[in-house]
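Please open the model in your viewer and keep the sequence panel beside it, since the stops below are given by residue number.

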Amino acid sequence: MSADTDPPALSRKGRDSYEEYLLRRLGAVEPAAPCPLLDDQPLDLVMKAVHEIGRFLSNPRTESKASRMPSTGWAKGFGALKRDAEHLEQAISDWLVANHTIESLRHVNLDKFGYFRQMPLPDGILKDRIRAAKLAGAARHGVLVPSLRTKPGVDVPLHLGALKDQTALTRYGVDALLRKVWPEMSEQDAKIGIPKHIADEVRRVAAEAVPLREAAKLLGCSEPAAKNMARCLSVDGRSVSVFKKTAKTSALYVIKTELDQMLQVIGSLPPEPRAVRTVGVRTYGRHHALGESRVLADVVSGKLPAFAGANRRLDKVVLTRPEKLGRGGKPSPVGRTQVPAGAMLGCEFHGITGADAIGTRELVRQGFVKKFGTKRGLLDRKSAMAFHQRYVNPVRYMMGRGMIAIEAIWALKKMDLPLAFKHDSIRPYFAERKELEARIGPLYRPKDEAMDLWRALIRNGAANCPSFIIPELPGDGATYIYTSSRMFSFRVLFEDKGLVLKATFAPTSRRIWSVYVANSQVFRELLTSFKWKSRDGEVVAKAVIRDESEVERATIQLGQLAAYFRYKMP
């Protein structure tokens, strides 16, 4: 090319500018860096897109089309469009942040864009590219409404609910797998959405999960033993199983990688040596005050040395015989677990607050409640009572004041009550006591007459039904008293002049329901001071206590109930 026909040279400032791009498209200057969003589109459409994007990004949100186009608008529009889709997403994301609060972007719809929701551009490939980038930029801050997530070309993180439906997992199953494959996930990450590679991994793990029956067969134990062992491992913070929804109920599945690890541990157990005296799982657990499921969980975790049993079945493993093994394997004396001074059993803390074992462990990890010593299940009583004085379980409180569960949950949602803890494993929900009182007024305080009966319940319970854990102080709204095995639980409600003891036997609590169905006449004969009613497929036993003589009668009957079933539980 001769000097007379060579394209003119551009200054450093002119390079990579909108003017340079127009000259390049007209063949007046040498081609420079490509613009993947624009290069394959007609020039007139490119100019309109630059104009509209520049107008949109240069003005605050408005419902009517902005009439003002600043002198820098062309450069801003081209600057957003000149690179790839991710660069355009970032420009739109920055505009959203500048025009909305972070809180308002948690759920995104087209109203957030004002007039630009309609995108005044001709239909075609460029408009589709801009639409996809617009929605992807919005999805960086929150969850897109369902109608937007399914738009053609929209590639945004998957919503938590959609992942649950795709995998047939329960909500807790999805949470468990997400924590396993995405350990650095924050609460905000889960709200915004699940990245594609994470969602794909969750789907893969869910699809490979092994049904409980098959897993139990591979491990060499019964289905109940495998299920209880999985629960023990979950309490330890190791998720090995998930529930999948079926047509009518849900079924337990074991995560394949976890199953493979357990089988590897079982396969690596050394054979039983002749020179070492051994005992079975049940005898070992009884001597160390551990359940069989806990012993098996510690074996498959590699925490507890063991020897391979017959056919390398898990339920046939043997362990080193304790040095001082009691004769006959007789059960321990009747009564509750002996608790050192200054300690509180985890089940008493649950009875007061409703916090389950996993939630309590997380509260301990975060320092809200302190452990007592090194023994499993013991909390520092002073810190546990301080927690109870500061925090309240609003759903349990409202249920104790007469609401049913679904009413209490909806009331909690409507009152916009800030939750004290946002960690997924802390269940149920807790709130600052002062925050709840600011919305509904002072919380109910039991009358002196009712508190006198509560103290009488503690005294008589210690003498007549020592296996029941009766908390030092009642919880808010309702308090639960348990046998030390947590088999039986009775809810205690406060009325102005007395107490109400209630127990509900329902098919949803399979273990206690099966015991009740097999022994319904025994329950009614032992709990004669309770009135029995059947409704909606469940059975409710209720006793109203107005004086100390009724307290004594009720606790004697509870003690007889615990004694009858002490060696008869399935």
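Begin by selecting Y18, Y21, L22 and R25 in α1 together with L43, V46, M47 and V50 in α2, which meet in a contact (heavy atoms within 4.5 Å). The residues of this contact divide into 7 nonpolar, no polar and 1 charged, where Ala, Val, Leu, Ile, Met, Phe, Trp, Tyr, Cys and Pro count as nonpolar, Asp, Glu, Lys and Arg as charged, and the others, Gly among them, as polar.

This is a predicted model, in which local features need pLDDT of at least 70 and side-chain atom pairs count only at pLDDT 80 or more, while totals for chains, interfaces and linings use all residues. Residues are numbered from 1 along each chain as its sequence is written, and side-chain values use heavy atoms, with hydrogens and water left out.

Next, show the two helices as ribbons: α1 and α2 pack at an angle of about 170°, with their axes 11 Å apart, and are therefore roughly antiparallel to each other (over 145 degrees).

Now select α1 alone, residues 18-25, where Y18, E20, Y21, L22 and R24 are buried (under 20% relative accessible area, with a 1.4 Å probe and protein chains only). These buried residues pack against α2 (43-58) and α3 (73-81). Just beyond, G27 follows α1 and has a positive phi, near 80°.

Move then to A168, in the loop between α7 (160-167) and α8 (171-181), a residue other than glycine whose phi is nevertheless positive, near 65°.

Finish at D416, in the loop between α20 (405-414) and β11 (431-432), where phi is again positive, near 55°.

Notes. Buried means under 20% relative accessible area, exposed over 50%, partly exposed in between (1.4 Å probe, protein chains only). Helices (H or I, at least four residues) and strands (E, at least two) are DSSP runs, numbered from the N terminus. Axes are lines fitted to C-alpha atoms, for helices over the stretch in contact, and angles run from 0 to 180 degrees between N-to-C directions. Angles under 35 degrees count as roughly parallel, over 145 as roughly antiparallel, 65 to 115 as roughly perpendicular and the rest as oblique.
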